[in-house]
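Colleague: Could you take me through the aromatic rings of this model, with a close look at what each ring has beside or above its face?

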Amino acid sequence: MISSTSNKKIKDVVLLTKKTSLRRERGLFVVEGIKMFMEIPDEDLEEVFASESFYNTCPTEAKIKMRTVPHEIVTDTVYAYMSDTRTPQGIMAIVKMRQHAKLSGNAFLILDRIQDPGNLGTIMRTAEAAGIDGILMNNETVDIYNPKVVRSTMGAVFRVPFVYTDNLPVAMKELGAVVYAAHLDGENDYDAEDYTGPTAFIIGNESSGISDEVAAYADKLIRIPMKGKVESLNAGVAASVLMFELARQRR
């Protein structure tokens with residue numbers, strides 16, 4: 001049992017939760033919580049850490065999964081030090097990153113500089129629910145393996161394909177889809193368009209929206225009509241509205 005926060009393995013886990021550059025260098029990220037742990041594909045599981053109290057009371061299936069890979073039991077104090085949540089959940093895993101070289105399908109989401117981890121996680125979770133085939137993001141978008149993003153996806157991070165790119169305009173054309181940009185200058189309301197063919201929606205940065213450079217490559221600008229004095233919606237909400245309209249048209 002590990003009882004010291006100065007243990008090298010413990011320090012490595014803490015650094016993985018905090019540093020995007022280290023996650024990318026090692027190709028690893030951290031997942032916390034029993035539900036998320038049970039959803040990790042076995043082939044992606046690298047190592048597991050469990051608090052003493054959790055291990056003594058956890059479900060049998062969790063112990064069986066833990067025993068398939070290297071695992072460590074740590075004191076509750078050490079686990080609290082490792083965890084980046086206010087209420088530590090007792091189990092965390094080191095997981096291999098998935099590499100998606102290219103997206104395929106006919107329903108996509110394109111994200112331009114999304115910065116809020118909760119927004120990105122919610123968008124990915126909603127994308128799975130709406131049947132989106134993949135998510136394309138520029139490198140300025142928050143790291144999808146940020147612990148807050150991972151938690152917000154509720155497991156969708158393991159199932160929805162995604163790709164980061166340093167040239168979003170070129171990459172989105174390679175999708176082979178009609179690209180719609182949710183924009184204040186939209187020509188038509190979002191529900192007046194036909195999304196039954198290959199379709200992609202662009203969602204922009206929370207504060208500044210879609211950049212002019214990216215918007216220029218959209219095939220059509222669309223708008224979400226709103227009442228009152230509201231000028232824009234939260235990025236996650238706007239993405240949800242568009243994705244579920246696509247899902248409705250395809251039912």
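**Aromatic rings and their partners**

Modeller: In this predicted model, lysine 65 lies over the face of phenylalanine 37, at 5.8 Å from the ring centre. A second contact of this kind involves tyrosine 55, whose ring has the charged end of lysine 63 sitting over it, 4.7 Å from the ring centre.

Turning from charges to ring pairs, the structure holds 6 aromatic pairs. One of them joins phenylalanine 29 and phenylalanine 158, with 6.4 Å from centre to centre and 35° between the planes, and this pair is tilted, because planes count as stacked under 30 degrees and as edge-to-face over 60. Phenylalanine 29 belongs to strand 1 (residues 28-32), whereas phenylalanine 158 is found in the loop between helix 8 (147-153) and strand 7 (162-165), so the pair ties together parts that are 129 residues apart in sequence. Phenylalanine 29 is buried, its relative accessible area being 1%, and phenylalanine 158 is likewise buried, with a value of 8%. These two rings are also members of one aromatic cluster, which is formed by Phe29, Tyr145, Phe158 and Phe162.

Another pair is made by tyrosine 195 and phenylalanine 201, whose ring centres are 4.9 Å apart and whose planes meet at 80°, so this pair is edge-to-face. Both tyrosine 195 and phenylalanine 201 are buried.

Terms used: Residues numbered from 1 in each chain as written. Predicted model: local features only at pLDDT ≥ 70, side-chain atom pairs only at ≥ 80, totals over all residues. Heavy atoms only, no water. Phe/Tyr/Trp six-rings, centres within 6.5 Å; stacked < 30°, edge-to-face > 60°. Helix = DSSP H or I, 4+ residues; strand = E, 2+ residues; numbered from the N terminus. Buried < 20%, exposed > 50% of the residue type's maximum accessible area, 1.4 Å probe, protein only. Lys NZ or Arg CZ within 6 Å of the ring centre and 35° of its normal.
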